Amino acid sequence: MHSDTATKARVLADLPVSDAVLDLIAGRVELVPWDSATDRIDAIYTYGHPTVDDAMLARWPGLKVVSNFGVGVDHIDVKAATQRGIPVGNTPGILDGATADLAFSLMLAAGRRLVEGDRYARGPDFLRFDPSFMLGREIHGATIGIFGMGRIGRQVAKRARGFDMTVLYHNRTKSDEAEIALGARYATRDELLANSDYIVLTVPLTAETRGMIGRKELAMMKPTATLVNVARGAVVDAMALTEALAAKRLHAAALDVTDPEPLPRDHPLLKLNNIIITPHLGSATVETRRKMAEMSVVNLFAGLEGQPLPYRVM
Ligand code: NAP
């Protein structure tokens, strides 16, 4: 092992990375803090979601790889990296179960008002049981609309079947395989919005999906519907959602992701009762985060050694 830092690869990383990642790196590279200007960087390791744009890629001609801890790469200009011959790695496939579990938890919690109920049960006003109080919406037997029937969307659909839900989905491409395997039915975007009791967003953030759920789309949803976002915050227009929830034009929303993230502490969404917000916990289990650490570090070293990345964004 090299002890001389001058000979080690220099990896720009948005520190602090977790102990799991540090264990795997085992001192084999020098981690350079994100904002430290330096003339030599051999790789970029993105742990949170800092922006990696073309101007940044242009700064270090010797850059060999960008390795992302996570599957979503909307914060990285993949096209620019590809044009510069820099491979971008991510961690697809191993976080689908954990993220779908969280989507389902949010859906159950928002539908049945769990967080509101917890707050009430701890507070001074809960002095006797009231059967007419805090009624939620049923999940079993309801219709779920999955926007983005990809890896995570399919896992959500599997769970929905266990709750006897009718499963609608929307993608740009219809998937016969998903329909047969998951008993899901294809819907146009508008059909999905109008007919679902639970709308779960599992699309990547792209130019097409940015702001995809705005005022018009929220108005198309049933007033009894719940919106769950485990994709990226910017897929939803936060101000339009605030208005719809404040006016009780929706039953509830549950967001694992927001734009910006975190929301400013005085954001009006944070003042509403009919919303649950989690701090981007989709893949946050010990087991999944360990696998993400392994994949992202394998990608990092493959790139540094000039080898093909095992998990490369195309
Ligand atoms: P994936 O397998 O690529 O699935 C994405 C799905 O979205 C595909 O079925 C795709 O189908 C559909 N889609 C893409 N663009 C669309 C559009 N314009 N309109 C309608 N459908 C569209 O991705 P994944 O691994 O499931 O991950 C999805 C996203 O979840 C990631 O990009 C990431 O941002 C987010 N994520 C969040 C967390 C979290 O912690 N909350 C964790 C993991 C991932 P078509 O190509 O046929 O349209």
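This text walks through a predicted model, from its ligand site to a strand crossover and an aromatic pair.

Start at the ligand. It is surrounded by 26 residues. The closest are Arg151, Ile152, Arg172, Thr173 and Asp256. By class, this shell holds nine nonpolar, twelve polar and five charged residues.

Next, the polar contacts. Thr173 places a side-chain N or O atom 2.3 Å from an oxygen atom of the ligand. Asn171 also uses its side chain: one of its N or O atoms is 3.1 Å from a ligand oxygen. Val230 contributes through its backbone, where an N or O atom lies 3.0 Å from a nitrogen atom of the ligand. On its own, the ligand has 920 Å² of accessible area, and the protein covers 87% of it.

Now turn to the strands. E1 spans residues 9-13 and E2 spans residues 29-33. The two run parallel and are joined by five bridges. One bridge pairs Ala13 with Pro33 in E2. Between these strands the chain passes through helix H1, residues 19-25. The resulting β-α-β crossover is right-handed.

Last, the aromatic rings. The structure contains five aromatic pairs. One of them is formed by Phe104 and Phe163. Their ring centres are 5.0 Å apart, and the planes meet at 50°, a tilted arrangement. Where do the two residues sit? Phe104 belongs to helix H4, residues 96-111. Phe163 is in the loop between helix H6 (151-162) and strand E7 (166-170). The pair therefore ties together parts that are 59 residues apart in sequence.

Methods
Residues numbered from 1 in each chain as written. Predicted model: local features only at pLDDT ≥ 70, side-chain atom pairs only at ≥ 80, totals over all residues. Heavy atoms only, no water. Near = heavy atom within 4 Å. Polar contact = N/O pair within 3.5 Å; in protein donor to acceptor, adjacent residues only side chain to side chain. Areas by Shrake-Rupley, 256 points an atom, 1.4 Å probe, with all protein chains shown as cover. Nonpolar A, V, L, I, M, F, W, Y, C, P; charged D, E, K, R; others polar. Pairing = 2+ DSSP bridges. Helix = DSSP H or I, 4+ residues; strand = E, 2+ residues; numbered from the N terminus. Right-handed = clockwise from strand over helix to strand, strands pointing away. Phe/Tyr/Trp six-rings, centres within 6.5 Å; stacked < 30°, edge-to-face > 60°.
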